[in-house]
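Work through the exercises below with the sequence and the model open. Each task is followed by a solution in steps.

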Amino acid sequence: IRLISCVLTQHLSIFVRHDNFLYVYNGKIYGKILDPATVYPMIREICEHAATLLETFQCTARIVERIYAEIEQTAIAVDYPADIHNLIVFQNGILNLTTMQLEPFMTGRFITNMIMVDWVPGNDCPRFHELLQVYTQGDAVLKERLLEALGICLTNDIVKKIICFLGVSHSGKSFLVNFLMDMINPEAVHVLQPNDFERQFATSQIHEKCIIACMDMEAAPLNPRATATLKNISGHDRINFELKHANGGHTFVSRAHVILCSNYNIVPQKEDAAFEMRKLVVPFDHRLNEEAVSQEELIQTLESEKSAIVYLLIQAVLRLRARNYVFSGGTDYDHYVPMNGIGVPKEVCFQLFFEQCCQITGLETDYVFTRDLYQAYMAFCKEHLQNDFLCYNAFSKLASKQLSNLQHGRKYRVDHPEGNAESCYLGIQMITSFRATE
């Protein structure tokens, strides 16, 4: 019993200990043992082989349990490799980002996450490129930033960023995160809401995860516990946690990448400059139309391109590392605030409406009725999920100040010449699809 446990722990490193938890090697990566019964079949198989060599050795259920108990005592404590930031485990080997060569699987190299596809460099993914073209509306810098954000989550590299996918609903945020997590072994990802960190055992759920995703976040600001925990995770600080039905606490250093998805701006309840500096914002401003392909169809379509997509993302990471981890677009995108988000007052939405939907021409032949201007403003607000808009009187007062340089007149509508003349602004025209029909 001692010989077998010693071989499995100290010689072959099949079983190791990390953060006071026992792990077993599955031929490619290590997995945490949550229930000893899950590894009993493997120990039994080893015992049966040993029985052919040792005539007096018998393989029984009791022997298997005793070997496991011995393994718990003799397992050597290990930590991540010093060069883990350069290592990514694939189905067909371990990619070294320094040499860009595949290395063989080996015990003793403690890694708990892997990408569930083969590393196949050089292939193209035209359907994925088309998808990103739609999501980013042809913005090349934004596309590169999106590739960098997705790609870094596939690595074990530490960037100390909280990746924030912000923007309008039905714009591809959730699909991309789900697609990303689908390529990683399920044990290494976890989905939750940040304010769940208020619960006693919540932090235990993020132990040994490589991606922490918060999908469809609510409009409510982050409570202080959530803000602090997200900073600890992204800053790779030491985190304390407790397990249910267990005595004592545990500590660990998270290596997880954090992705937050929301239709609203993500802000703490209390102003926190450090949290704002951690945010890496990727805007999603384009809402897909109703004819857009469903997520299920997209996943099936992209299935054959997975290896090529991973190659594309890793290439983006290499370019990012060459720029000393300065993400494309710099900090310009980090100031982006969804117009439907928290912290966007009605007056700000009003200002954005005039900036994006109206053009001052100065020509008397160009005019917009005040009533049409207000209807266009309401349509603009609804388009950006901002339902708390100004009333007509408040809008008229602000519009008068905004357009104080323009002449205010009265005109008859072309389609209702018999009606009364209505107030309008001269020298202005609508420049978007929100323009009302005269």
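In which helix does A149 lie? A149 lies in helix α5; helices here are DSSP runs of H or I with at least four residues, strands are runs of E with at least two, and both are numbered from the N terminus.

The model is predicted, so local features need pLDDT of at least 70 and side-chain atom pairs count only at pLDDT 80 or more, while totals for chains, interfaces and linings use all residues. Residues are numbered from 1 along each chain as its sequence is written, and side-chain values use heavy atoms, with hydrogens and water left out.

**Exercise 1. Describe the surroundings of A149.**

Step 1. A149 is buried, with a relative accessible area of 1%. Buried means under 20% relative accessible area, exposed means over 50%, and partly exposed lies in between, with a 1.4 Å probe and protein chains only.

Step 2. Leaving aside residues up to four places away in sequence, A149 touches I163, F165, L280, V282 and F327. Contact means heavy atoms within 4.5 Å.

Step 3. For V282, the separation from A149 is 133 residues in sequence and 8.2 Å in space, C-alpha to C-alpha.

**Exercise 2. Work out the sheet that contains β8 and β13.**

Step 1. Five strands form an open sheet in the order β9-β10-β13-β8-β14, with parallel pairing. Two strands pair if DSSP finds at least two bridges between them.

Step 2. The edges are β9 (189–191) and β14 (279–284), each of which pairs on one side only.

Step 3. On average, and with direction ignored, neighbouring strands of this sheet are turned by 20° against each other.

Step 4. Five bridges join β8 (residues 162–167) and β13 (residues 257–262) in the parallel sense. C164 has L260 in β13 as its bridge partner.

Step 5. Helix α6 packs on this sheet, touching β8, β9, β10 (211–217), β13 and β14, and its direction makes about 155° with that of β10. Axes are lines fitted to C-alpha atoms, for helices over the stretch in contact, and angles run from 0 to 180 degrees between N-to-C directions. Helix α7 (residues 224–235) lies across β8 and β13, at about 135° to β13.

**Exercise 3. Do the same for the sheet with the order β3-β2-β1-β4.**

Step 1. This open sheet has four strands and mixed pairing. Its edge strands are β3 (30–32) and β4 (76–77), each pairing on one side only.

Step 2. Strand β2 (residues 21–25) and β3 run antiparallel and are joined by three bridges. Y25 stands opposite Y30 in β3.

Step 3. Helix α3 (residues 61–74) packs on the sheet and touches β1 (15–18), β2 and β4; the direction of α3 makes about 110° with that of β2.

**Exercise 4. Find the partners of β18 and state how its side chains are placed.**

Step 1. Strand β16 (residues 367–369) pairs with β18 in the antiparallel sense over three bridges, with V368 opposite Y425.

Step 2. Strand β17 (residues 408–411) also pairs antiparallel with β18, over four bridges, and G409 stands opposite C424.

Step 3. In a regular strand the side chains alternate between the two faces of the sheet. From β18, E422, C424 and L426 point one way and S423 and Y425 the other.

Step 4. Are these residues buried or exposed? All of them are buried, and β18 (residues 422–426) is mostly covered.

**Exercise 5. Examine three of the salt bridges.**

Step 1. A salt bridge is a side-chain nitrogen of Lys or Arg within 4 Å of a carboxyl oxygen of Asp or Glu. The count by this rule is 14.

Step 2. R145 and D334 meet in a salt bridge at 2.7 Å, N to O. R145 lies in helix α5 (residues 140–152) and D334 in the loop between α10 (306–322) and α11 (346–357), so the pair ties together parts that are 189 residues apart in sequence. R145 is buried at 0% relative accessibility, and D334 is buried at 17%.

Step 3. K306 forms a salt bridge with D182, with the closest N and O atoms 3.0 Å apart. This pair links K306 in helix α10 to D182 in helix α6 (residues 173–182), 124 residues apart. K306 is buried at 8%, whereas D182 is partly exposed at 43%.

Step 4. E422 forms a salt bridge with R413, the closest N and O atoms being 3.0 Å apart. Both residues are buried. Salt bridges that share partners join R371, D372, R413 and E422 into one network.
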